[in-house]
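User: Please take a close look at one glycine-bearing loop in this structure, and then set that part in the context of the rest of the assembly.

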2 protein chains.
Amino acid sequence: MNITTPTLLLDKKKAFNNIQRMVEKARNSGVRLRPHFKTHQSAQVGEWFREFNIDSITVSSIRMAWYFARHGWNDILVAFPANILEMEGINLLAGKVNLHLVAVNLETVEALAKGLEQPVRIWLKIDTGYHRTGILPHAHIELDEMLNLIHKSDRLHFEGFLTHDGHTYKETEVEAIRSIHNTSVYLLHLLRDRYKAQFPDLKLSMGDTPSCSILEDLSGVDEIRPGNFVFYDLTQEHIGSCNYADIAVCMACPVVALHPDRHEIILYGGSVHFSKDSLQLADGSVIFGRVVALADNGWSEPLEGIELGSLSQEHGIVKATPKMFGKYKIGDLMGILPVHSCLTADVMKGYLTTGGEQLEHMSGVGQLV
Amino acid sequence: MNITTPTLLLDKKKAFNNIQRMVEKARNSGVRLRPHFKTHQSAQVGEWFREFNIDSITVSSIRMAWYFARHGWNDILVAFPANILEMEGINLLAGKVNLHLVAVNLETVEALAKGLEQPVRIWLKIDTGYHRTGILPHAHIELDEMLNLIHKSDRLHFEGFLTHDGHTYKETEVEAIRSIHNTSVYLLHLLRDRYKAQFPDLKLSMGDTPSCSILEDLSGVDEIRPGNFVFYDLTQEHIGSCNYADIAVCMACPVVALHPDRHEIILYGGSVHFSKDSLQLADGSVIFGRVVALADNGWSEPLEGIELGSLSQEHGIVKATPKMFGKYKIGDLMGILPVHSCLTADVMKGYLTTGGEQLEHMSGVGQLV
């Protein structure tokens, strides 16, 4: 590998193992795995999922749905409140694939019922505790109104209730994550019980990477939608979703300056390469990545006494002990495990596998339609 | 304008005025303006600078230097510690344009002296107080070694000393910024005095947007290199570099969900659109953008009682007073002034001018070489 600029490495074997583990857990729990593809946004990584007979996927935008539709996927859930300004694109896409949309407000359902020219499957998003967006599970008046309107529409097919427990990302204890997950399952069951007479086939869908990684049994819902697990990252390791050895992506960054007076190493690799997500450790310190030793076919576990301490637009500042500082020279490549793999992949716009293969990312692709 | 997804608007007139003001200040101070193009990274915005007879520019990577070289620029400073792994690209580029590189360590100068096949102008970066990277101004032994090596090389032409006062970004008082700037000028003068016998033509270059915007007189150096001023942003307004009315870029984001119970508005527009830089206000609160009213040909000053309070990957969460909340409905476009325009432009990969023109950003362009 002739790497000269910041490059996102991808260990295909690790990603495969991560996929396989989640596929087996879903099968053992009797739930469908509808993986979220926003983490990798790569046609080729998508193909790896097909080898495990995955045929339904989750994305986060109409553009991303187009991208994967063009690569042969035809059961696609856009897990984001439907953007009614994109009605034209929604109609085009719904004419080609089995399209699932999400609604949070009555106004959205009204606009869809009016503007759709193609049948679409619709999910109502429930706020089971994350409080970012979603309908509160006890908001029966709103739910009744939305579901009555969906029932009357010949374009909207009610698929079920969906939630995203993003609040698991703040936790690091298994029992806290279990409590969040079980609460959500309980709340979704109450909704199913309330509406199953009107919609006998309604489904329940959930899935954040921490719950799906940490809990052994995911039964009780019909579908899970984790995404980050394909790569994992330092955030997930901190939560307890994975081990360092499971992290399937790693940045390789040139060393461009050395500061022996303060044992700091300057990398070519800043917020335009990593994004700006950071991780606060137990001692209160904040890091933007952990340093690993790069090898021919991958990388080591994180090294002690050296970490990516801050980022500006193109600079990464690595702080090291005197001993670790002494191991690096100008022109070396340093390996860095990212804090948030989804965002790092999005700004890097492509991957280089440890086998030397270039893989695309949707962000590196031009106009799609 | 038929905007349906998150879009970065650019007010050409504001950007023009920002450029003109800096051009005039540089002329009145008797210094060369070598604007940093990493903020806009756009061939077309670059053309606007040509109308003011700007012919020398600053960039932050070899790739960016290629991009602007292809668009006719031929005096280009890569203001980043030279990455010796890119020697091949450096040699190719140095054969086409008047290329300026930066060094911080003797090892870099040694590698350049050995690897260069074309003449290159070299600057030594001085750390005048920011402490990100650079040679300490009193490190005479290192400076002597580096300059003796440069003097002996027939490929390296010593151009002068360069600094970047990034620590002005932490300040909000004019006198603090003046103190930082004057200290840097003083330190650069000491260096010039020490080395002018050996290098009679050596130049001094500095330039961060806060100093260059806030201080009236920039004389005392030969060259200034501000970049952000072309667009400005909330960070610069907070520092005091500009007024809200000077901010030349604004995101337009669809409203996709409403939460009347807590007066929160969900936007299609998250960290993959804004990047993740935030701004801490005097009251300790953290914001990711300020809301403006969009009009046909631009936008208003920031509105009171409504702001972008948090971001996840694709969601923006706007917090509002009940009164302001009531003004928005699903399917509206909301205008948001960004916290850090350089990073927002980098992830958005293009612009739509308020006149309806699409402008490119280097991040939206494929392979260059």
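Analyst: **The loop around A:G326**

A:G326 sits in the loop of chain A that runs between α11 (322-325) and β17 (333-338). The model is a predicted one, and in it A:G326 counts as exposed, with a relative accessibility of 61%. Although A:G326 and A:L258 are 68 residues apart in sequence, their C-alpha atoms are 9.9 Å apart in space.

A salt bridge joins A:D332 to A:K329, with 3.2 Å between the closest N and O atoms. The two partners differ in their surroundings, since A:D332 is buried at a relative accessible area of 17%, whereas A:K329 is exposed at 52%.

For chain A, the UniProt record, an unreviewed entry, lists residues 248-355 as "domain: D-serine dehydratase-like". That span is 53% strand and 15% helix, and its end C-alpha atoms lie 13 Å apart.

Turning to the charged pairs elsewhere, the structure holds 36 salt bridges over all chains. One of them, in chain B, pairs B:E216 with B:K25, the closest N and O atoms being 4.0 Å apart. Because B:E216 lies in the loop between α8 (209-214) and β9 (223-224) while B:K25 belongs to helix α1 (residues 12-29), this pair ties together parts of chain B that are 191 residues apart in sequence. Of these partners, B:E216 is exposed, with a relative accessible area of 62%, but B:K25 is buried, with 10%. Another salt bridge of chain B connects B:E223 and B:R32, whose closest N and O atoms are 3.7 Å apart. Here too distant parts of the chain are linked, B:E223 being in strand β9 and B:R32 in strand β2 (residues 32-33), 191 residues apart. B:E223 counts as buried at 3% relative accessibility, and B:R32 as partly exposed at 37%.

Salt bridges also cross between the chains, and the rule finds six of them across the interface of chain B and chain A. In one, the side chains of B:R262 and A:D127 meet at 3.9 Å, N to O. Through shared partners, salt bridges join A:D127, B:D261, B:R262, B:E264 and B:K319 into one network.

The interface itself takes 55 residues from chain B and 55 residues from chain A. The area buried between the two chains is about 4500 Å², and carbon and sulfur atoms give 57% of it. B:F80, B:L85 and B:R132 supply 15% of the area that chain B buries against chain A, more than any other three residues. Of the interface residues of chain B, 100% are also interface residues in chain A, so the copies meet through the same surface.

As for the relation of the copies, a turn of 180° with a shift of 0.0 Å along the axis lays chain B on chain A with an RMSD of 0.0 Å. The two copies are therefore related as by a two-fold rotation axis. Of the residues of chain B, B:K276 comes closest to that axis, its C-alpha being at 2.8 Å.

Finally, on the cysteines, a search of the whole structure finds zero disulfides over all chains. B:C250 is in no disulfide, and the nearest cysteine sulfur, that of B:C253, is 8.5 Å away. B:C253 is likewise in no disulfide. B:C250 counts as buried at 0% relative accessibility, and B:C253 is buried with a relative accessible area of 0%.

Methods:
Residues are numbered from 1 along each chain as its sequence is written. Chains are lettered from A and ligands numbered from 1 in the order in which they are written. This is a predicted model: local features need pLDDT of at least 70, side-chain atom pairs count only at pLDDT 80 or more; totals for chains, interfaces and linings use all residues. Side-chain values use heavy atoms; hydrogens and water are left out. A disulfide is a pair of cysteine sulfur atoms within 2.5 Å. Buried means under 20% relative accessible area, exposed over 50%, partly exposed in between (1.4 Å probe, protein chains only). Copies are superposed by least squares on the C-alpha atoms of residues with pLDDT of at least 70 in both. Contact means heavy atoms within 4.5 Å. UniProt positions are given in the numbering used here, feature names are shortened, and annotations may be inferred rather than shown by experiment. Helices (H or I, at least four residues) and strands (E, at least two) are DSSP runs, numbered from the N terminus. Buried area is the accessible area (1.4 Å probe) that two parts lose on being put together, summed over both.
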